[in-house]
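Here are some exercises to help you find your way around a new structure. Try each task with the sequence and the model in view, then follow the solution step by step.

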Amino acid sequence: MNVFSLSSSSGPADRSGGGLTLTCRRVIQETHDVKTFVLSPKSGQLGPFKAGQFIMLNLVVGGAAVVRNYSISSPPTRPDDLRITVKRVPSGLASNWLHDNLEQGSEIGIVARPAPSPGTTCRASGRFSSPAAAA
Ligand SMILES: Cc1cc2nc3c(=O)[nH]c(=O)nc-3n(C[C@H](O)[C@H](O)[C@H](O)COP(=O)(O)OP(=O)(O)OC[C@H]3O[C@@H](n4cnc5c(N)ncnc54)[C@H](O)[C@@H]3O)c2cc1C
């Protein structure tokens, strides 16, 4: 089922690179080097996901594109409250950027991949995907 429209978030201001833009709603400091980021789509709704799935963040760090995977740490029963929990890796590009820059109100993109059927889907043991890249 197609539960959100990517077209409404595409354009020059879209940070997702053709994928989906997420807004950071809250940051939870879990430990000195672990933070949980509470995310929700800038527009529309996310489709259902399954335990163990991950998203591919599409970041720009120091002017370079950086794509990193992060497991979804929130339960599938709360698709509008998507959380990732990130450990700061010494000298790591993405983890340090997220810890130092992603705050309430920030926007980040997730990479879109062609889905096997119309609409946003989650593959059983893989990444959260959307049909945007097929457009
Ligand atoms: C499916 C999947 C799910 C994941 N889920 C999570 C999750 O839920 N939470 C989480 O925290 N992480 C998760 N990860 C790991 C995450 O994707 C990143 O790999 C992690 O955050 C480190 O990325 P980084 O950009 O910070 O570090 P990078 O910049 O990739 O660097 C990693 C390390 O390599 C070193 N390094 C980099 N380049 C060089 C070089 N040229 N020479 C020598 N050393 C170098 C860095 O100093 C650093 O210590 C997951 C990975 C996968 C594959």
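**Exercise 1. Find the turn between β3 and β4, and describe how these two strands pair.**

Solution. Step 1: β3 and β4 form a hairpin with two residues between them. Step 2: look in the turn for G62, which has a positive phi of about 60°. Step 3: follow the strands away from the turn; β3 and β4 run antiparallel and are joined by eight bridges. Step 4: pick a facing pair, L59 and V66 in β4.

Before going on, two notes on the numbers. This is a predicted model, in which local features need pLDDT of at least 70 and side-chain atom pairs count only at pLDDT 80 or more, while totals for chains, interfaces and linings use all residues. Residues are numbered from 1 along each chain as its sequence is written.

**Exercise 2. Write down the order of helices and strands along the protein chain.**

Solution. Step 1: use the DSSP runs, numbered from the N terminus, where a helix is H or I with at least four residues and a strand is E with at least two. Step 2: count them, and you reach one helix and eight strands. Step 3: read along the sequence to get β-β-β-β-β-α-β-β-β.

**Exercise 3. Which strands form the open sheet, and in what order?**

Solution. Step 1: apply the rule that two strands pair if DSSP finds at least two bridges between them. Step 2: β1 (residues 20–31) and β2 (residues 34–41) run antiparallel, with eight bridges. They form a hairpin with two residues between them, and R26 faces V38 in β2. Step 3: β2 also pairs with β5, antiparallel over six bridges; here K35 stands opposite V86 in β5. Step 4: go to the other partner of β1, which is β6, joined by four bridges in the antiparallel sense. L22 stands opposite I108 in β6. Step 5: β6 pairs with β3 as well, over two antiparallel bridges, and the bridge partner of L57 in β6 is I110. Step 6: put the pairs together, and the six strands give the order β4-β3-β6-β1-β2-β5, with antiparallel pairing. Step 7: β4 and β5 each have a single partner strand and stand at the edges, so one side of each has no neighbour in the sheet. From one strand to the next the twist averages 40°.

**Exercise 4. Which strands does α1 touch?**

Solution. Step 1: count two residues as in contact if their C-beta atoms, placed from the backbone, lie within 7 Å. Step 2: α1 packs on the sheet and touches β2, β3 (54–61), β4 and β5. Step 3: compare directions; that of α1 makes about 80° with that of β3. For such angles, axes are lines fitted to C-alpha atoms, for helices over the stretch in contact, and the angles run from 0 to 180 degrees between N-to-C directions.

**Exercise 5. Sort L102, R88 and S91 into buried, partly exposed or exposed.**

Solution. Step 1: take the cut-offs: a residue is buried if 20 or more other C-beta atoms, placed from the backbone, lie within 10 Å of its own, exposed if 12 or fewer, and partly exposed in between. Step 2: L102 sits in the loop between α1 and β6 (107–110). L102 is buried because 20 other C-beta atoms lie within 10 Å. Beyond four places in sequence, its contacts are C24, V27, F37 and I108. Step 3: R88 is in the loop between β5 and α1. R88 has 15 C-beta neighbours inside 10 Å, so it counts as partly exposed. Step 4: S91 lies in the loop between β5 and α1 and has a positive phi of about 65°, although it is not a glycine. With 6 C-beta neighbours inside 10 Å, S91 counts as exposed.

**Exercise 6. Which residues are closest to the ligand?**

Solution. Step 1: take a residue as near if its C-beta atom, placed from the backbone, lies within 6 Å of the molecule. Step 2: 17 residues surround the ligand, and the closest are S71, S91, G92, A94 and S95. Step 3: β4 (64–71), β5 (82–87) and α1 (93–101) each supply at least two residues of this shell.
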